[in-house]
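Me: Could you walk me through this model, one question at a time?

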Amino acid sequence: MPERGKGTSEGRKANRGPSAGPENRRAIIAAAREVFAADGLQGPFNAIAKKAGVGQGSLYRHFPDRLALALAVFDENIDDLEAAVEHEGATLDDLLEAIIGQAVVSTALIDLIWQHQHDERVAHLGSRLAAVVGAVVVRERAAGRIGDSVEDADVLLAVSMLADLLARTGAEDRRQVAQRAWSIFHAAFAPR
């Protein structure tokens, strides 16, 4: 029987030191995505750490606050958006479908980003999203699928409006509401 306070190594993960950092970071981001989707922004950090299989100290070393963690999740979301539209055949519909898919499950994180939109740590997200939208708008205009008067800023505004709307819509209705909103934007952006 182990001495009181000494614990056993059975059932515990071995501490792999700094080499575990990147793996722990990925696990924390995945866990945060799930916890925030289920419990909102108030999802406890200890639940995220537990789901990720790391200690709270590890979580705080990687992400000192909720905004840092939300930014990591959104950076991954934008990686996914970039991948969704990188091929030459990708359309604005493809981009909006990817955004809808993310917003349907990430509404708590959208709220956090909106609350901190003037924080300098958030600025790069806007720049990355603007670059993705800009590339798609150029492609859509060249293919004649979007009006010449439609600017990147118009599409970014539509994306922002859609994300905000989905953040205030019940989970069971988000997909339907997103499709209705996108049909309105689609009609507005069509060539005239």
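Below are some questions and replies on the fold, a helix face, the aromatic pairs and a pocket.

Me: Happy to start with the basics: what kind of model is it, and how many helices and strands does the protein have?
Reply: This is a predicted model, where local features need pLDDT of at least 70, side-chain atom pairs count only at pLDDT 80 or more, and totals for chains, interfaces and linings use all residues. Residues are numbered from 1 along each chain as its sequence is written, and side-chain values use heavy atoms, with hydrogens and water left out. Helices (H or I, at least four residues) and strands (E, at least two) are DSSP runs, numbered from the N terminus. On that basis the elements run α-α-α-α-α-α-α-α-α, which gives nine helices and zero strands.

Me: What share of the residues of the protein counts as buried?
Reply: Buried means under 20% relative accessible area, exposed over 50%, and partly exposed in between (1.4 Å probe, protein chains only). One buried example is Ala70, with a relative accessible area of 0%; Ala70 is found in helix H4. Of the 192 residues of the protein, the buried share is 41%.

Me: Why do the buried residues of H2 line one face of the helix, and which helices are included in what covers them?
Reply: Helix H2 (residues 45–52) has Phe45, Ile48, Ala49 and Ala52 as its buried residues. Seen down the axis of H2, they fall within an arc of 100 degrees (taken from the directions from the helix axis to the C-beta atoms), so they line one face. Contact here means heavy atoms within 4.5 Å. What covers these buried residues includes helix H1 (21–39), helix H3 (56–62) and helix H4 (66–85).

Me: How many aromatic pairs does a search of the whole structure find, and how are the rings of Phe45 and Tyr60 set?
Reply: Rings of Phe, Tyr and Trp (its six-membered ring) pair if their centres lie within 6.5 Å; planes under 30 degrees apart count as stacked, over 60 as edge-to-face and the rest as tilted. The search finds four aromatic pairs. The rings of Phe45 and Tyr60 have centres 5.1 Å apart and planes at 40 degrees, so this pair is tilted.

Me: Which parts does the pair of Phe45 and Tyr60 tie together, and is each residue buried or partly exposed?
Reply: Phe45 is buried at a relative accessible area of 6%, whereas Tyr60 is partly exposed at 39% relative accessibility. Phe45 lies in helix H2 and Tyr60 in helix H3, so the pair ties together parts that are 15 residues apart in sequence.

Me: Which residues form one aromatic cluster with Trp182?
Reply: Trp182 and Phe185 both lie in helix H9 (residues 174–189), three residues apart, about one turn of the helix. Both are buried, and they form a tilted pair, 6.4 Å centre to centre with 55 degrees between the planes. The cluster joins Trp182 with Phe185 and Phe189.

Me: Which residues lie nearest the centre of the largest pocket?
Reply: On a 1 Å grid over the protein atoms alone, a pocket is an open set of points where a 1.4 Å probe fits, with protein on both sides within 12 Å along at least five of seven lines; lining residues have an atom within 4 Å of a point. The lining has 21 residues, and H4, helix H5 (92–105), helix H6 (107–115), helix H7 (123–142) and helix H8 (152–167) each give two or more of them. Nearest the centre lie Phe74, Ile113, Trp114, Leu129 and Ser160.
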